[in-house]
Amino acid sequence: MSGDLDALESELSALEPVAISPELRRGIAERLAEVERLSRVGGGRQSRWWLAAVAGGIVAACFALIVFHVVDIRPHPSLVVITQPTPSQATENSVNSLLSYERAFARSTDEFEALLDRDAKIGVPSNNDAAANSVMSWSNPKVNALIGVE
Amino acid sequence: MADSRDQATALLDKHGAALAFVARQWVSGKSDAEDVVQEAFIRFWRARQRVADPVAFLFACVRNCALDWQRERGRQARLAESAARSEREPLFVGSIEQNERRVAIEAALRRVPEEQREVLVMKTWGGLSFPQIAEALGISANTAASRYRYALAKLREQLAEESVL
């Protein structure tokens with residue numbers, strides 16, 4: 001059976017279908033030329049759309065840049081820098097005010113003397129006259145006035 | 001552009017006759033079959049770069065266009081026309097010595113069921129593989145192979161009956 005089928009297949013393969021006519025070839029060539037022409041026109045339109053889209057994108061980007069630039073050149077709010085005193089500054093500034101001496105003196109003379117001694121040990125830089133004047137010591141007129149000595 | 005024309009010409013040189021033969025499984029005359037092939041080729045050409053197997057797709061386009069043509073013309077009209085034309089327009093070319101056998105094969109081929117015959121035509125004269133036929137017809141490769149075997153068996157049976165008569 002297999003041999004019969006092979007023989008039949010060979011016989012069928014040997015048969016040649018009727019060839020297509022020149023009219024069909026010509027008709028297909030003409031239709032394909034038309035298809036190509038239309039695709040070129042369509043492609044041109046498509047490329048024009050692309051150009052328009054790209055140009056629109058560029059314009060939008062420029063507009064956005066300008067807008068952001070305008071926003072950015074607004075005056076900046078003034079900066080307020082708050083510096084915390086360093087530990088050494090804190091020690092220097094810890095020299096007591098006249099009020100604290102008055103309060104210490106009111107409480108007891110011992111406390112007043114302890115406060116004076118403490119400030120005398122801390123000391124004040126020589127180039128800082130204002131601070132030097134504010135340091136309390138036994139020679140300070142303010143202290144003398146406080147304790148009633150002329 | 002020239003490359004495209006060359007590609008189209010090469011495809012027509014290689015498959016044109018088989019495509020027209022495929023179309024004639026559903027279309028009565030050679031002229032109508034060529035109209036179908038022309039329409040199918042244009043459809044194929046527009047979509048050819050998006051398909052995995054262009055040759056299988058080309059045969060599928062011809063089949064689909066032929067079926068569209070058949071639907072438009074109406075089955076009854078097609079059958080009457082087909083019977084009248086088929087005697088006048090041979091499917092195969094051949095020498096006068098082979099004429100009797102050729103006519104017998106053509107007659108036997110017409111009696112093979114349509115779904116088997118289209119596989120036989122695509123395989124034998126279109127040179128498509130079973131996977132390609134499967135893709136063109138939307139069936140499995142195994143089904144295509146089965147239909148091919150049934151078509152050959154039916155054809156052999158028909159030819160045997162004819163030789164007895």
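Reader: Which residue stands opposite B:Phe92 in S1(B)?
Author: That is A:Pro17. Bear in mind that this is a predicted model.

Reader: Ok. What joins strand S1 of chain A to S1(B), and how do they run?
Author: There are 2 bridges between them, and the strands run antiparallel. On the chain A side, the strand covers residues 16–17.

Reader: Zooming out, how many residues does the contact take from each chain?
Author: Chain B gives 35 residues and chain A gives 25.

Reader: And what area is buried between them?
Author: About 2,900 Å², with carbon and sulfur atoms giving 68% of that. Within chain B, the residues that lose the most area to chain A are B:Gln38, B:Val93 and B:Arg156. Together these three account for 19% of what the chain B side buries.

Reader: Change of topic. How many salt bridges are found across the interface?
Author: The rule finds 3 between chain B and chain A. One of them pairs A:Arg31 with B:Glu39.

Reader: How far apart are the closest N and O atoms in that pair?
Author: They are 3.3 Å apart in A:Arg31 and B:Glu39.

Reader: How many residue pairs are in polar contact?
Author: The count is 9 between the two chains, with both residues at pLDDT 80 or more.

Reader: Which parts of chain B supply the side that touches chain A?
Author: Helices H1 (2–23), H2 (30–47), H5 (99–110), H6 (114–124) and H8 (141–164), plus strand S1 (92–93), each supply at least two residues.

Reader: What is that side made of, by class?
Author: On chain B, 22 residues are nonpolar, 5 polar and 8 charged.

Definitions and conventions. Residues are numbered from 1 along each chain as its sequence is written. Chains are lettered from A and ligands numbered from 1 in the order in which they are written. This is a predicted model: local features need pLDDT of at least 70, side-chain atom pairs count only at pLDDT 80 or more; totals for chains, interfaces and linings use all residues. Side-chain values use heavy atoms; hydrogens and water are left out. Contact means heavy atoms within 4.5 Å. Buried area is the accessible area (1.4 Å probe) that two parts lose on being put together, summed over both. A salt bridge is a side-chain nitrogen of Lys or Arg within 4 Å of a carboxyl oxygen of Asp or Glu. A polar contact is a pair of N or O atoms within 3.5 Å; within protein, one must be able to donate a hydrogen and the other to accept it, and residues adjacent in sequence count only if both atoms are side-chain atoms. Helices (H or I, at least four residues) and strands (E, at least two) are DSSP runs, numbered from the N terminus. Ala, Val, Leu, Ile, Met, Phe, Trp, Tyr, Cys and Pro count as nonpolar, Asp, Glu, Lys and Arg as charged, and the others, Gly among them, as polar. Two strands pair if DSSP finds at least two bridges between them.
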